[in-house]
Amino acid sequence: MIQVQDLTKTYNGKVQAVKGVSFEVAPGEIFGFLGPNGAGKTTTVRILSGLMDPTSGTATVAGAPIPGDRQQLHRLIGVLFENSYLYETMTGKELLQFFGDLYRQPRKLVDELLELVEMTPKANELIKKYSKGMKQRIAFARALLPQPRVLFLDEPTSGLDPASAVRLREVVRETAAQGTTVFLTTHNMDEADDLCNRVAIINEGVIVAMDSPTALKESFSDRTIAIMMQDGTNNILTLNDPDLNQKMAALIGQGVVKINTVEPSLEDVFIRMTGRGLQ
Amino acid sequence: MRLSWRNVWIILWSDIKQSFRSKGLIFFLALPVALSLIMNLVNRQPSISSADVVILGENQGQFAQALEEIEIKGVSLFKVVEMSESEAMQQLERGKISAVIKIPEGTSAALLAGEQVQIDIATDESSPNTSVIIQSTLREMARNFSGIVEPMQLNVKPVRSINTSQAMLPTWVVMAIMSSLTLLPATIASERQLKTLDALLITPASFLDIVIGKAAYGVALSSFGSLVIMIVNGSMVGNLALAWLYILMGALMASFLGAFIGVAVKDLQAASAVSTVAYIFLLWGMWFAELPGVIGTISKYTPGYFIADGVRNALYTTAPFSEYIIGLLYIGAIIAVSLLLSIIALKRQEA
Ligand SMILES: Nc1ncnc2c1ncn2[C@@H]1O[C@H](COP(=O)(O)OP(=O)(O)OP(=O)(O)O)[C@@H](O)[C@H]1O
Ligand SMILES: [Mg+2]
């Protein structure tokens, strides 16, 4: 559904934001694009949604070539922008109706989407009176308005409270289940782990790892266990330690409270791959 | 770049619906309306002005020369000029002069001989005081000249020319028309800055649809402002079709120029600055056209002057259509150039 080949983007002939990324996303897949600030995530989304041309490289999104006919592409995709600004002098409903008209969608769909993002009670209030999370929900509904084949979500849950974030992830999952391909960027590793079938980790414009979250965690596992003793101390043992059996036996004799396997989180993988924590 | 009129309409209609919620915009339109009303009230009081009087006919005679020497507050009241009668009457009709006096050959000699003379005079009755002063000054001079009590029979032809508020009205209309010149660059540039433009650009609407939609909004706004000014000042008179042709062409000019600035200048502050300069540049001529010398002459070639003068003549005079052709062609040319510039700027954006 998305094929990307050797995509690069250099801003003003100086800043190399994307340095040759290639990947494919299958229909109905939720693909996560993870990376620290300035890694090139938003740049990639803007290229794939036809807002700017790549410096080199090609892509196809839902069959539409990039670079190519933007109007063809724009009938097939929905985009939730990072920090989406909305027309503040409109109500939520007016905004969706306006964009719905441009997409030639029936008014009924607007009501359904308002219901879906749980904004029906506030639909007739001016957007300037909305909280950040309410605006984000309207922006999300707008991204769904074209009933897209490919949905781009640039940090969809930033600014949402935990309950709203959970609700939004549910909707993303439902949308994907109905066949929409989802390309999502996030800083939230738990979200990526929970939602994505596959993730790519991008750092300084280069993809440094790409696989399913489980496989990534697996490959970074150093296979350790933590053994907690009665006196409250912790002993860490590696599973491929040749003296493992003896050490275990010794510890058990001293009174063990709990044995845990230590699995790396996606966050650990991320930090190791990018050489830095989340900023 | 394809143009979809349906998208243009959707964008235009959405902007129109929102404009009632924009306080800045209401102020922009309310300003010329309020100014026009205030001027209208202030000008209710009749005033005496030392307006020019044109003398035709025996203009080398002693009587004419004596008249020329009369001054009010250091300014000559009567001016002897070489001008055809029809031209002089047209100037009178437009309020550029206060009276036209025709002194037949032999008048000076007749007066000096103590004979009664007949003089035709056309005066502007929209300032009656000035008219009375001109007539009595004329009689007084004739008395001095001839020494008899009733030396002169005046055939007065009253002409109603436009008064000051009528003369000013087109300038308020042009201010309203030009409001879209400053508004459009600001809206387009701020959509770009706030990134609301991105959301529009990923819909099936093209950038051309968006820009034409915004320009159409500018035309609607300019025309609405002009309409309000004309209604509240009671100026729905004269050749309205011609006046509205001017207003619509002015609105198109302001909107396309505004759209061009909005597309070409990406930064919001820079776009506002450029549009303010363009606004002043297009407008200043209509305020300074009456000044003597080079400034007055140059002023008469600015678009603001052409539109204001065209609207004024259409509403209050019976000037023949041929008088409007140059102005209309001139504004049409600016519209064509700004449309062309907008399209070039749009093409450069796409690349
Ligand atoms: N319009 C622009 N002009 C010049 N440089 C830009 C522009 N937009 C982005 N960049 C640069 O490109 C690089 C990648 O930016 P991008 O916005 O794609 O990062 P990101 O991964 O989305 O980061 P974040 O997580 O902070 O949103 C950065 O170095 C940034 O400074
Ligand atoms: Mg980003």
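This is a short conversation about how some labels in a predicted model are earned.

Modeller: Residues are numbered from 1 along each chain as its sequence is written, while chains are lettered from A and ligands numbered from 1 in the order in which they are written. The model is predicted, so local features need pLDDT of at least 70, side-chain atom pairs count only at pLDDT 80 or more, and totals for chains, interfaces and linings use all residues; side-chain values use heavy atoms, with hydrogens and water left out.

Biologist: What makes A:Thr42 and A:Glu82 donors of the magnesium ion (ligand 2)?

Modeller: Donors are N, O and S atoms within 2.8 Å of the metal (3.2 Å for Na, K and Ca), and sites may look incomplete because water is not among the atoms. A:Thr42 (OG1) and A:Glu82 (OE) lie 1.9 to 2.4 Å from the magnesium ion, so they count as its protein donors. A:Thr42 sits in helix α1 of chain A and A:Glu82 in the loop between β6 and α3, 40 residues apart.

Biologist: Why is A:Glu82 called partly exposed?

Modeller: Buried means under 20% relative accessible area and exposed over 50%, with partly exposed in between (1.4 Å probe, protein chains only). A:Glu82 has 30%, so it falls in between.

Biologist: And why does B:Gly61 count as buried?

Modeller: Its relative accessibility is 10%, which is under 20%, so B:Gly61 is buried. B:Gly61 is found in the loop between β1 and α3 of chain B.

Biologist: How do you know that A:Asp53 and A:Arg70 form a salt bridge?

Modeller: The rule asks for a side-chain nitrogen of Lys or Arg within 4 Å of a carboxyl oxygen of Asp or Glu. The closest N and O atoms of A:Asp53 and A:Arg70 are 3.0 Å apart, so the pair qualifies.

Biologist: What makes A:Asp194 and A:Arg173 a salt bridge?

Modeller: Their N to O distance is 3.7 Å, within 4 Å, so this pair passes too. A:Asp194 lies in helix α7 and A:Arg173 in helix α6 of chain A, so the pair ties together parts 21 residues apart in sequence.

Biologist: What separates B:Arg143 and B:Glu140 along their helix?

Modeller: They are 3 residues apart in helix α6 of chain B, which means a separation of about one helical turn. Their side chains meet in a salt bridge at 3.2 Å, N to O.

Biologist: How many salt bridges are there over all chains?

Modeller: The count comes to 18. Between domain 1 and domain 2 of chain B, however, the count is 0 salt bridges.

How values were computed: Helices (H or I, at least four residues) and strands (E, at least two) are DSSP runs, numbered from the N terminus.
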